[in-house]
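Work through the exercises below with the model in view. Try each task before reading its solution.

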Amino acid sequence: SYDECRDCLDKELVVVMAQYDNPPHTPDGMVRTGANDNASGVAVMLEAIRVLEEADFQPRRSYLFIAYSGEGLDGGEPVSNPDIKKFLQAKTGFAIHFEPVAIVHLRGLGDGTGDRLEVSSSGSLRLANVFETAAKQTGVRPVRSEEAIDISMIYEEGGTTADSGGQRAPVVRLFWEGWEETARSFEDQPDKISQEKLAKAGRALSMALMTLGREIQY
């Protein structure tokens, strides 16, 4: 039976997350478009889904792709630490049958002052290696981030794992070097988005997801 399966990798869940909303209007009605932070993250996630489908990729593990409201408004999730358990509970029985083994956060993937794709996962060297290797295999220069940059406005310091219903799943964050320079500002405009950076991030993400989806030991 399903419960007796000893090697049911399809019960293991790779979660990919990207915040889709931008900061609220200022009191005087000015709008921050959030092109890079974080429409770019959602775009790369959707492209990865398309690539996996068109390649007819057959993973052993299961995937869950989440675009979430992150400003804490209208039932959205607090921007610093989305609650994975709530997403898993959205469908009856989902949290019981699936166990998250990796959580991938996407942010700031269309613009940045640097030319390297940053991988931040100080809590899981194995998971970080998957994304660094995937970047190199697809012609993208990666760099390991130890969260030295100030991203406390978005992520809680030291948040390298996420509670996902009784266990701690390792978290990896993917963003472009220097993305935070314009994050949540009026300078974050669509004309600043680089198609090349989006494409590189998409290739690296798709390759990493294929590895996570198929390899028993990665």
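**Exercise 1.** Leaving aside neighbours within four places in sequence, which residues is Leu212 in contact with?

*Solution.* This is a predicted model, where local features need pLDDT of at least 70, side-chain atom pairs count only at pLDDT 80 or more, and totals for chains, interfaces and linings use all residues. Residues are numbered from 1 along each chain as its sequence is written, and side-chain values use heavy atoms, with hydrogens and water left out. Contact means heavy atoms within 4.5 Å. Leu212 touches Val14, Arg61, Leu127, Val130, Phe131 and Tyr218 by that rule.

**Exercise 2.** Place Leu212 in a nonpolar core (buried Ala, Val, Leu, Ile, Met, Phe, Trp, Tyr and Cys residues joined through side-chain atoms within 4.5 Å).

*Solution.* Buried means under 20% relative accessible area, with a 1.4 Å probe and protein chains only. The largest nonpolar core has 34 residues. Leu212 is among those with the most contacts inside it, and so is Phe131. Elements giving two or more residues include α4, β7 and α5. A second, separate core has 12 residues, including Met17 and Phe94.

**Exercise 3.** Describe helix α4.

*Solution.* Helices (H or I, at least four residues) and strands (E, at least two) are DSSP runs, numbered from the N terminus. Start with length: α4 spans residues 125–137 and reaches 18 Å from first C-alpha to last. Next, burial: Leu127, Val130 and Phe131 are among its buried residues. Then the cover: it includes β3, β4, β5, β7 and α5. Finish just after the helix, where Gly139 takes a positive phi of about 80°.

Key
The expected span of a helix is 1.5 Å times one less than its number of residues. Buried means under 20% relative accessible area, exposed over 50%, partly exposed in between (1.4 Å probe, protein chains only).
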